[in-house]
Amino acid sequence: MSEYEYDLFTIGAGSGGVRASRIAAAHGAKVAIAEEYRLGGTCVIRGCVPKKMLVYASMFADDLSHPENYGWTIGEKSFDWPTLRDFVQKDVTRLEGLYGNTLESHEVDTFSERAVVTGPNSVKLASGREITARNILIATGGRPHMPDFPGAEHCLSSNEIFHVEDKPKCLMVAGGGYIAMEFAAIFNALGSEVTVVNRTDRILRAYDEQIVDRMLHIAMGRGIDFRMHSLIESVEKLDDGRLEVDLGDANKVTVDQVLIAAGRTPNTEGLGLDNAGIELGKKGEIPVDEYNRTSCPSIYAVGDVTDRVALTPVAIREGHAFADTVFGDNPRTVNYDAIPSAVFSQPPLAGVGLTETEARKQYGNVKVYSSDFRPMKNIFNPHAERGLYKMVVEEVSEKILGIHMIGPESPEIMQVAAVAVKAGLTKQAFDDTIALHPSMAEELVLLK
Ligand SMILES: Cc1cc2nc3c(=O)[nH]c(=O)nc-3n(C[C@H](O)[C@H](O)[C@H](O)COP(=O)(O)OP(=O)(O)OC[C@H]3O[C@@H](n4cnc5c(N)ncnc54)[C@H](O)[C@@H]3O)c2cc1C
Ligand SMILES: NC(=O)c1ccc[n+]([C@@H]2O[C@H](COP(=O)([O-])OP(=O)(O)OC[C@H]3O[C@@H](n4cnc5c(N)ncnc54)[C@H](O)[C@@H]3O)[C@@H](O)[C@H]2O)c1
């Protein structure tokens with residue numbers, strides 16, 4: 001008989017926690033997991049998945065804007081937000097069920113309630129029950145950071161935007177990161193008037209500047225209003241329910257909704273980590289070593305709560321590596337080089353490896369190959385938006401340091417291009433590959 005009730009107790013059933021729990025169970029561990037909201041976590045319930053479904057809806061709206069060029073005559077068009085919203089939520093519920101099935105089929109005991117740490121080997125559930133475990137995994141993710149200004153309570157975060165009653169006629173989005181750019185594009189395409197308020201003049205800091213500039217140019221062409229060097233000072237709810245936003249200097253804008261997309265905070269508040277002697281980092285994150293172990297040897301942490309790379313596939317890799325290390329007798333770390341990522345704006349942009357600026361800083365001289373082209377599909381649409389692909393390579397060896405793209409389907413193309421960058425290929429390997437014509441991806445093997 002073990003001295004503990006479980007080999008592993010996981011707190012948080014999101015991307016990292018579910019993967020870790022099911023792999024640990026597959027290695028023979030007795031596992032339990034606690035989830036205070038809904039199985040699946042941020043990505044499935046209020047992140048990547050419902051967001052991407054809304055992106056598809058916005059692409060459809062875009063295609064529908066010029067049916068005549070495709071030979072279609074379409075009668076009066078109308079858009080019903082509640083229908084789309086409810087359709088998306090139905091699928092989220094379906095996926096939540098699948099997560100439950102996975103945990104059940106791996107014989108992971110699930111507790112649908114909050115859990116906190118009470119010691120190196122114990123947790124307490126909201127119902128009061130105390131449970132012991134040889135190891136504890138913290139996979140509690142993060143939550144939207146809401147800046148503190150008068151009237152902030154009238155604003156939405158990404159948690160609420162999926163559920164709004166009506167599509168806002170006028171939407172203000174505060175922030176210049178992933179969430180801001182994605183939701184600005186979604187609601188712009190669905191017909192809302194969108195204003196983006198950003199405190200600096202830089203958006204999407206991690207991405208190649210030239211690609212971001214192209215995105216800004218296109219977004220402005222589509223009617224998104226950008227207010228750079230602006231910060232919301234206060235929000236007042238008017239009698240008619242609309243919101244008056246004060247941007248300072250007597251600059252007031254009235255909108256229907258305000259979405260705050262100002263980054264995320266690790267979920268560690270009130271988690272009892274001090275009971276296990278774990279000190280938090282500056283942003284409230286849990287510091288861990290390369291094996292995801294905290295300063296308390298029996299407690300590990302993976303995913304957004306560790307504030308490393310806040311992406312679902314990374315949380316999944318970390319959870320998997322943790323389970324293999326601790327329960328599979330196979331110590332594994334995650335390699336964080338060349339992680340591809342994308343912003344699902346309209347059009348989307350994607351990148352892997354070093355941006356041109358980063359490469360110049362690290363390597364001095366580098367070469368940049370690029371293609372600035374009009375995607376064939378855009379012939380149907382009068383915006384005449386151009387795609388831009390860039391490859392940054394080492395000067396002499398021409399080893400690829402980074403690939404950056406903006407254009408339709410660029411995330412789909414980037415996933416495959418990332419294999420080449422991860423494998424350390426050179427520009428020559430792309431030149432040697434015959435183009436697949438006609439495609440947008442062929443631009444990558446025709447770069448000049
Ligand atoms: C709007 C949005 C869009 C996104 N889009 C993308 C995308 O396109 N691609 C991408 O790769 N990433 C995207 N992300 C990021 C991605 O969702 C996260 O990186 C990922 O979900 C992190 O997984 P995790 O396991 O660390 O935490 P989470 O998935 O956040 O799971 C943590 C879980 O822990 C639960 N929990 C917290 N505290 C407790 C407690 N004390 N007791 C019990 N349960 C608790 C929470 O309820 C939650 O379910 C997006 C995020 C947002 C917000
Ligand atoms: N496509 C994807 O992969 C995807 C999509 C959405 C979210 N995510 C993940 O979720 C994380 C959170 O997304 P996010 O967009 O909230 O964060 P982010 O870190 O991408 O951007 C935060 C933005 O908020 C601004 N900001 C910070 N404090 C502010 C304040 N007080 N007032 C106004 N603006 C302020 C910052 O300047 C920055 O532009 C991302 O870092 C990303 O890892 C990924």
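This section describes the confidence, annotated regions, ligand surroundings, a small sheet and local backbone features of the structure.

The model is predicted. Its mean pLDDT over the chain is 97. A pLDDT of 70 or more is reached by 100% of the residues. The ipTM is 0.97 and the pTM is 0.97.

Two domain features come from an unreviewed UniProt entry. The record assigns "FAD/NAD(P)-binding" to residues 7–319. This span is 31% helix and 22% strand. Its end C-alpha atoms lie 15 Å apart. The record assigns "Pyridine nucleotide-disulphide oxidoreductase dimerisation" to residues 339–445. Here the chain is 24% helix and 29% strand. The C-alpha atoms at the ends of residues 339–445 are 21 Å apart.

The surroundings of the two ligands were examined in turn. Ligand 1 is surrounded by 35 residues. The closest are G12, G14, G41, G141 and G303. Several elements give two or more residues each to this shell. They are the helices α1 (15–26), α2 (41–46), α3 (48–64) and α8 (312–327), together with the strand β4 (115–119). By class, the shell around ligand 1 holds 16 nonpolar, 14 polar and 5 charged residues.

Ligand 2 is surrounded by 21 residues. G176, G177, Y178, I179 and A310 are the closest. Two elements, α6 (178–189) and β17 (341–343), each supply at least two residues of the shell. The largest share comes from α6, with 4 residues. Nonpolar residues number 13 in the shell around ligand 2, polar residues 5 and charged residues 3. Domain 2 (152–262) and domain 3 (341–445) each contribute at least three residues to the shell around ligand 2.

An open sheet of 3 strands was also examined. Its order is β11-β12-β13, and the pairing is antiparallel. β11 (234–237) and β13 (252–255) stand at the edges. Each of these two has a single partner strand, so one side of each lacks a neighbour in the sheet. From one strand to the next, the twist averages 25°. In general, strands of a sheet pair through backbone hydrogen bonds, in either a parallel or an antiparallel manner. Strand β12 (residues 243–246) runs antiparallel to β13, and 4 bridges join the two. Within this pair, L243 of β12 stands opposite V255 in β13.

Local backbone geometry was considered last. Most peptide bonds are trans, and most residues other than glycine have a negative phi. Two cis bonds preceding proline are described here. The peptide bond from Q346 to P347 is cis, with omega near -5°. P347 is found in the loop between β17 and β18 (349–353). β17 is also one of the elements that supply residues to the shell around ligand 2. The bond between H437 and P438 is likewise cis, and its omega is about -10°. P438 lies in the segment after α11 (427–431). L204 is not a glycine, yet its phi is positive, at about 45°. L204 is found in the loop between β9 (193–197) and α7 (209–221).

Terms used
Residues are numbered from 1 along each chain as its sequence is written. Chains are lettered from A and ligands numbered from 1 in the order in which they are written. This is a predicted model: local features need pLDDT of at least 70, side-chain atom pairs count only at pLDDT 80 or more; totals for chains, interfaces and linings use all residues. UniProt positions are given in the numbering used here, feature names are shortened, and annotations may be inferred rather than shown by experiment. A residue is near a molecule or strand if its C-beta atom, placed from the backbone, lies within 6 Å of it. Ala, Val, Leu, Ile, Met, Phe, Trp, Tyr, Cys and Pro count as nonpolar, Asp, Glu, Lys and Arg as charged, and the others, Gly among them, as polar. Domain bounds come from an automatic or database domain assignment. pLDDT is the predictor's confidence in each residue, from 0 to 100. Two strands pair if DSSP finds at least two bridges between them. Axes are lines fitted to C-alpha atoms, for helices over the stretch in contact, and angles run from 0 to 180 degrees between N-to-C directions.
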